[in-house]
Amino acid sequence: MGLLFIDGNQAVAMGAIHSGCRFFASYPITPASNLLAAMLDTLPSAGGIALQGEDEIASIGYCLGASMAGMKVMTATSGPGLSLYSENISFAIAGEIPIVIVNIMRQGPSTGSATRGADGDVQFMRWGCSGGLPVIVLAPADVSDCFTLTVHAFNLAEQFRCPVIIASNKEIGMTSGTLDMERVEKPAVIDRTLHEAGPFLPFQVKIGEDVPPFLPIGGPILVRQTSSTHGPDGYITTNPSEIQAGVERLQRKIDSKAESFSYFDLEERKGARTLLVAYGITAGAARAAAAELSENQNIPVSLLVLKTLWPVPEQVLQAAAVGVERILVVEMNLGQYVQEIRRVLCNQRVDFYGKMSGQLISPTEIIEEVTRG
Amino acid sequence: MDSLLNPDRPPVFCPGCSHDRSVHTLDRALKEMGLKGSDVVIVSDIGCSGLFDTFFKTHAFHGLHGRALTYAAGIKLAQPHLKVIVTMGDGGLGIGGAHFLAACRRNLDLSLLVLNNFNFGMTGGQFSCTTPEQASVASSFLNLLEKPFDVCDVAACAGAPFVARFSVYRKNLPELLVEAISFEGFAVVDLWGGCPARYMKKNPLSPKEIESAIGKLQPYQGVVSTNIRREYSSYYREEAAKDTAGVDWQGIEKTFEPTVKERREVVFLGSAGQRVITGGTLLGRAAILAGMNVTQKNDYNITVMRGPSVTEVIVSPQAITYTEVGKPDVIVALSEEPVRKCWGLFQKMEKEGRVILAAGVEIPTTDAQVLEVNFKAGGIKKKERALAALSLLAQTGDPVTLEMLREAISQSFHGQRLEEALRILEKAAAIPVHE
């Protein structure tokens, strides 16, 4: 098998099929439309279902229903559609419904520019729904990541029963690249843990665990799902201590395991005074800039490419920043994720370079920023 | 069969609420059908109708206001054996209007009970999409200004094959519900009742008055014969089964030796309709035949068949990190508008660089060699220009050869499209080029 020549969105579709996704619904939106096309080309012949919803709210709604009926589900959109997903994302958090959401970011704010990329939804993906409880956000940097991180996304959604967002970008989703399927990392596929024996309560966790075992709606044992504040039995509760325990568990089940899915690439260089931090499409330019400075200009620079954005991989950041004088965060917006890095590395100098013009940030611009400092 | 009511959670509706009657009627219908709790899912949303799922010992899914039909569709498609019953109020119907219309058009086997009490009971008696103009409700005079909609007219118009309107006080209602739930397709039942806490205080509505109001409207008793058609879920599966091709995610085998040792950057500056992106993809596939890495980044406006179309192809034996062209090795300049947009790129080119220039397109001064081509005189149509330019580029063997290009075309196209593409290659080779 030779090299594939596919774009990031097609690689996400491949990753989804590999993971056992058999239900997909989305509403057409550039730059996510060709992911809908890829799933329509793929799923029906694989025994699955791909739907075009009447709007984004319906699309994610179809997915939540199908996920509770036992299927692995995915939806895809861009900023304007993610805005419409918001209420159902908080439902997926509250109802512990596994779902993978692909956000192919485009230039905002608002309807912005449909065919230009940006990374302007980075804080929105984390904080854009009511209640403020955590979601997982993974950021691919290229076609190969699109495959691998999609498999991780399904695995995490299944393991933690939560929404997992893939933070892609028009410049990744719709840019083609070569992919060697013999070399690409293919994580083992994980399925949600099913309830095995004894009485079933839909949101009851086992002692020492934080994720309730699953049973599908439609099986012999009755299952309840609800968006309302509920106790382990899935019925509304007004008991403050039960409510508090519930939301704390939803937070803990993800945050306490964050280090186990903090994906990143670290290029550490001896004598580096600067650590470049980037994610998504900007990682490529940062990689080129770090290589040019280190190899040709005798300015060793280390590079950290973050592939898990949320929860913030705090230990990864702290370890990578040891011994450097300056951290330079580069992102395709006006300064969003840098706020997290400033929070985590509060005793170090953290600088920012970014723009949101529809153009990629170039290696040259990054080199200028590094040498200026 | 036994009642499917939940003995631990008896209905908690206000005294005199018609919903209480609806709960017991639905239970009688399910009992009559001999259904087990695990055969049924009740999907509800927000408002008083959203309490329904808790009163039954069935599967249950309670979600966001107006979105019940979307969850129900996902459940039905994943578990086709289930009897899926959706309860919504007139409030949910209004906010979820798009889903209601889509469900009517789609015809999945779902049963929708619209528990129509002409107002938003839970939030204080505001007007809904079914509140009569003359009713006195908690939204000041707003309902006076809007025409309420007829649930059944809308459903029938949107394609629902089963539409019925009944008073919740009707004696044989369980039998009528059995008919709706048994129907294989989307069934809508507009159930009229009263809300004693909010609506009926200022708008008295006796069972008799409800029956008489319904009697004045177009009757809907069930099957709408003009809308009878295939049920969506089984139809979907039948069509999907015909689709055995799937997607061919086969790689491109290496059959040529690499032609270049360093990264090459090629930009096509064209306009929509010149098949610029296809040209870039063919260039990429040709380079992959020599085992090289390729990226292709496209830039175009949202207008489909108008406006500039730019594709940037990077070919490299090494890994490609940055996907935007900085200093092009080749520019194919086919059209004015993108050339003006990318004016600076020409000035960054070195003397080894090449510009394949369509005659008549103005470009800035550049150190690169400029090959001017009169495509029009050579009989190359607009949609053939990117491929023709690619053929001229391949004649130099850098970054791909004509053999590689021909092979890439043969692997990408079939039949008439293939013949046409190969013919363009030959035609392009015959065009005189001016340096």
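Two strands pair if DSSP finds at least two bridges between them. Helices (H or I, at least four residues) and strands (E, at least two) are DSSP runs, numbered from the N terminus. The model is predicted: local features need pLDDT of at least 70, side-chain atom pairs count only at pLDDT 80 or more, and totals for chains, interfaces and linings use all residues. Residues are numbered from 1 along each chain as its sequence is written, while chains are lettered from A and ligands numbered from 1 in the order in which they are written.

**Exercise 1.** Find which strand of chain B is joined to strand 8 of chain A, and in which direction the two run.

Solution. Step 1: locate strand 8 of chain A at residues 176-179. Step 2: follow its 2 bridges, which lead to strand 9 of chain B; the two strands run antiparallel. Step 3: look at A:Gly177, which has B:Thr295 of strand 9 of chain B opposite it.

**Exercise 2.** Describe the side of chain B that touches chain A.

Solution. Step 1: take two residues as in contact if their C-beta atoms, placed from the backbone, lie within 7 Å. On this basis 58 residues of chain A and 56 residues of chain B take part. Step 2: list elements of chain B that supply at least two residues each, including strand 2 (59-62), helix 4 (97-106) and strand 9 (293-300). Step 3: pick out helix 2 of chain B, which gives the largest share, 8 residues. Step 4: sort this side by class, which yields 24 nonpolar, 24 polar and 8 charged residues. Here Ala, Val, Leu, Ile, Met, Phe, Trp, Tyr, Cys and Pro count as nonpolar, Asp, Glu, Lys and Arg as charged, and the others, Gly among them, as polar.

**Exercise 3.** Decide whether helix 2 of chain A is mostly covered, and state what its buried residues pack against.

Solution. Step 1: call a residue buried if 20 or more other C-beta atoms lie within 10 Å of its own, exposed if 12 or fewer, and partly exposed in between, with C-beta atoms placed from the backbone. Step 2: apply this to residues 33-42; 7 of the 10 are buried, and the helix is mostly covered. Step 3: name buried residues of the helix, among them A:Leu35, A:Leu36 and A:Met39. Step 4: identify their partners in chain A, which include helix 1 (8-19), strand 2 (21-26) and strand 5 (99-105). Step 5: set this beside chain A as a whole, where buried residues make up 59% of the 373 residues.
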